[in-house]
Structures are given as C-alpha cells and as structure tokens.
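Me: Got a minute to go through a model with me? I'll put it up here.

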Amino acid sequence: MKTLIVNCYPNDADKKIEPYVQLVSQYSEYEIEKDCQLHRDYDLYGYDAVLISGSPNLISLGGYSKHFLAFIQNLKIPTLGICYGHQMLAFAYGAEIKSGKRIEDYETVRLLDFTDLFWGLTKEISVVESHQEFVGLETLLRTEFILTAESNSCAVEAIRHSKLPLYGTQFHFERSGEIGERIMANFYNNVVKRHLRQNAKRPD
C-alpha cells in the first residue's frame with residue numbers, strides 16, 4: 001500500500017508531521033506533500049489512501065487554499081483527516097467551521113459508531129485535543145457526513161461520509177498512545193483494505 005500524507009503545518013512542518021509518519025509507516029509506504037501543492041487534478045495514481053494533518057490555520061478566517069479545497073472535494077480513495085484535516089473534509093462538503101475557545105487538553109470522547117475507525121474500542125476514550133475551531137453540528141447534519149463521536153467540549157469529534165471512504169477526527173489520535181495506534185490500524189485494516197478488495201480488477 002501507499003499513502004499520501006498531506007502536511008498542512010506552515011511552521012516546523014518536518015517535526016510536526018513525524019507522529020503521523022510513525023503511525024502510517026507501520027502499515028503503508030508513504031510520500032509527504034504540502035497542502036499548498038495539491039489541486040483538483042493532482043495525480044493520485046498509485047496511492048491507496050490519503051491522510052490530512054492538523055494545522056494552526058483557521059478556516060473561518062480563510063486559512064486554506066482553494067486549490068487544496070478542490071483537491072479534497074475530488075477525493076474518492078480512503079481519506080482520514082485529523083483536526084484541521086477533519087474540518088477541511090467537512091467544510092469541503094458544506095459544513096460550517098466555527099471559531100471558539102482554544103482547547104489544549106485531554107478530553108473524554110464518546111463514540112457513537114463502532115464500525116470502521118472505532119471498531120473494538122470502548123464507548124468512551126481519552127484523547128488529545130488541540131484546536132480553536134470546530135465543525136458546526138447543525139450544518140454537518142445537512143451534509144452526507146455522519147456524526148460518529150462527540151464530547152462535552154466539541155459536538156463533532158468524528159465523522160464518516162455515508163457514501164465515500166472519507167473519515168475525520170477532531171481529536172489528535174496520533175498523539176493519543178495506544179488508542180491512536182488502534183484507530184490507525186482500523187483505518188488500514190477496515191477501510192483501506194476493504195476499498196482495495198472492492199475495487200480489485202476482475203480477470204479479463
């Protein structure tokens with residue numbers, strides 16, 4: 001397998017992307033590309049998955065590239081967005097991104113869906129939160145995304161698309177120890193491999 005890791009960090013990018021790389025490299029070959037280099041017609045041939053990192057950029061203040069937004073809107077292969085990446089996925093499909101109080105702490109997240117990403121996890125997990133913006137719940141419910149996790153501090157902690165293999169987590173599972181390792185394993189074992197099986201070429 002091969003994964004495109006999208007690095008959305010504007011500063012100290014090489015250092016900040018490392019936790020994502022450490023997890024992905026356990027399951028897949030990878031290449032790293034900056035978000036500003038991506039566009040609707042970017043060639044994803046040979047890639048089996050996309051992972052979109054966090055970022056301090058604020059979407060509500062225009063902190064994103066329109067070309068990158070178009071890239072996300074065109075994604076059809078398994079994709080996992082984290083924090084900013086999660087927000088960009090929801091935003092690309094019509095959800096509103098809101099700004100609030102900065103959160104930097106562990107949070108208890110309640111899981112609402114135990115398929116795919118959260119298979120085998122308990123109803124509540126303790127994970128790292130580090131964000132100021134969040135996805136608006138009311139606008140999310142008007143999209144084709146399904147709410148899969150919530151918390152007291154954030155109504156939209158995780159999402160999955162109802163038709164496409166697109167997933168997002170507001171929390172930073174890549175910095176959340178064994179829980180994050182399980183979520184990443186689930187992404188590759190339950191989402192990416194399933195997509196590969198379903199799209200395998202039939203013999204002529």
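Me: Is Cys83 buried or exposed?

Reply: Cys83 is buried, with a relative accessible area of 3%. Buried here means under 20% relative accessible area, exposed means over 50%, and partly exposed is in between, with a 1.4 Å probe and protein chains only. Keep in mind that this is a predicted model, where local features need pLDDT of at least 70, side-chain atom pairs count only at pLDDT 80 or more, and totals for chains, interfaces and linings use all residues. Residues are numbered from 1 along each chain as its sequence is written, and side-chain values use heavy atoms, with hydrogens and water left out.

Me: OK, and how far is the sulfur of Cys83 from the closest cysteine sulfur?

Reply: The closest one belongs to Cys154, 9.1 Å away, and that is too far for a bond. A disulfide is a pair of cysteine sulfur atoms within 2.5 Å.

Me: How many disulfides does the structure hold, then?

Reply: Zero. Cys8 is in no disulfide either, and its nearest cysteine sulfur, in Cys36, sits 9.4 Å away. Cys8 also counts as buried, at 2% relative accessibility.

Me: Switching topic: where is Val109?

Reply: Val109 is in strand β5, which covers residues 97-111. Strands (E, at least two residues) and helices (H or I, at least four) are DSSP runs, numbered from the N terminus. Val109 counts as buried too, at 0% relative accessibility.

Me: What is Val109 in contact with?

Reply: Leaving aside neighbours within four places in sequence, its contacts include Lys123, Ile125, Val127, Ala149, Glu150 and Phe171. Contact means heavy atoms within 4.5 Å. Glu150 is 41 residues from Val109 along the chain, yet their C-alpha atoms are separated by 5.7 Å.

Me: What share of the chain's contacts links residues that far along the sequence, say 24 or more positions apart?

Reply: Those account for 73% of the contacts with a separation of 6 or more.

Me: And the overall fold, how many helices and strands?

Reply: Six helices and nine strands. The radius of gyration is 16 Å, close to the 17 Å that the globule rule gives for 204 residues, so the chain is as compact as a globular protein of that length. That radius is taken over C-alpha atoms, and the rule is 2.2 Å times the number of residues to the power 0.38.

Me: How much of the chain counts as buried?

Reply: 51% of the 204 residues. Along its principal axes, the C-alpha trace spans about 55 × 35 × 35 Å.
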